Amino acid sequence: MYNFNALVSRIKYIPRWSLMRQSRQEYLAEHTTEVMQIAHTLAAIAKENFGENVDEKNIVICGLYHDISEILTGDMPTPVKYNDETLKKAYKDMESKATDKMIETIPVQLQSHIAPYIKANILSERENLILKAADKLSALIKCMEELQCGNSEFKLAYQSTKQALESMNLPEVKYFMENMLPSYSLCLDELAKI
């Protein structure tokens, strides 16, 4: 019996932002879907607007698995994870071991088809940056949603995430933030106007 798909299906039970008061709980499954969609958009922008040679499909599939270790480890809050070098290294090691454990649950003959996407070692440095940017944009959007609901708990997270995105200096991220991100502040009636 192979447990990989059943384990991955547990993604819907993993809460995010565990130390923060939220107006609406976010789960890893919805974050993953949003990261995949944003990554696809960023890759398309990189290719069409800036002539980058990136593989949209590889980026999107790696996005599917980008937080797979959290199925076994849970979501460690960013301020905790990156506050101390020793803790950061220990958590990275735990994530790596959890990822390897997940790969072991895949049938051996399928591992070569799935594991490269889980480890994201098929991505170029540029493609990996696009995926990281999509992950950060998803977090920024969550912060925006919370702030729109009057939840000031996300004020500093919004500022630090926005600053991190800007410091990436990726033209596709700048394009997304200028041309697409403002739409996330609109209500449905405004979004649906054609």
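This short talk walks through two helix packings in a predicted model, with most of the time spent on helix 2.

Let me begin with helix 2 itself, which runs over residues 28–50. With 23 residues at 1.5 Å a residue, helix 2 should span 33 Å, and since its end C-alpha atoms are 31 Å apart, the expected and modelled lengths agree. Just past the end of helix 2 comes G51, and this glycine takes a positive phi of about 65°.

Which residues of helix 2 are buried? They are L28, H31, T32, E34, V35, I38, A39, T41, L42, A43, I45 and A46. As a reminder when reading that list, an α-helix has 3.6 residues a turn, so residues three or four places apart point the same way. As for what these buried residues pack against, the partners are helix 3 (56–65), helix 4 (70–73), helix 8 and helix 10 (171–179).

I would like to take one residue from that list, T41, which lies in helix 2. Its relative accessibility is 19%, and because the cut-off for buried is under 20%, T41 counts as buried. If we leave aside its neighbours within four places in sequence, T41 is in contact with F176 and M180.

Now to the partner helix 8, residues 125–148, whose axis comes within 8 Å of that of helix 2, the two crossing at roughly 125°. Helix 2 and helix 8 are therefore oblique to each other, and their crossing is right-handed. On the helix 2 side, the contact is made by H31, E34, V35, I38, A39, L42, A43 and A46, while helix 8 contributes I130, L131, A133, A134, D135, L137, S138 and I141. Sorted by class, this contact of helix 2 with helix 8 has 12 nonpolar, 2 polar and 2 charged residues.

The second packing I want to show involves helix 3 and helix 7, the latter covering residues 108–119. How are these two helices arranged? Helix 3 and helix 7 pack at an angle of about 80°, with their axes 7 Å apart, and that angle makes helix 3 roughly perpendicular to helix 7. The residues that make the contact are N58, I61, C62 and Y65 from helix 3, together with I114, P116, Y117 and I118 from helix 7. By class, the contact of helix 3 with helix 7 has 7 nonpolar residues and 1 polar residue, with no charged residues.

To close, then, we have an oblique crossing of helix 2 with helix 8, and a roughly perpendicular packing of helix 3 with helix 7.

Conventions
Residues numbered from 1 in each chain as written. Predicted model: local features only at pLDDT ≥ 70, side-chain atom pairs only at ≥ 80, totals over all residues. Heavy atoms only, no water. Axes fitted to C-alpha atoms, helices over the stretch in contact; angles between N-to-C directions. Helix = DSSP H or I, 4+ residues; strand = E, 2+ residues; numbered from the N terminus. Parallel < 35°, antiparallel > 145°, perpendicular 65-115°, else oblique. Left-handed = near helix turned anticlockwise from the far one by under 90°. Contact = heavy atoms within 4.5 Å. Nonpolar A, V, L, I, M, F, W, Y, C, P; charged D, E, K, R; others polar. Expected span 1.5 Å × (residues − 1). Buried < 20%, exposed > 50% of the residue type's maximum accessible area, 1.4 Å probe, protein only.
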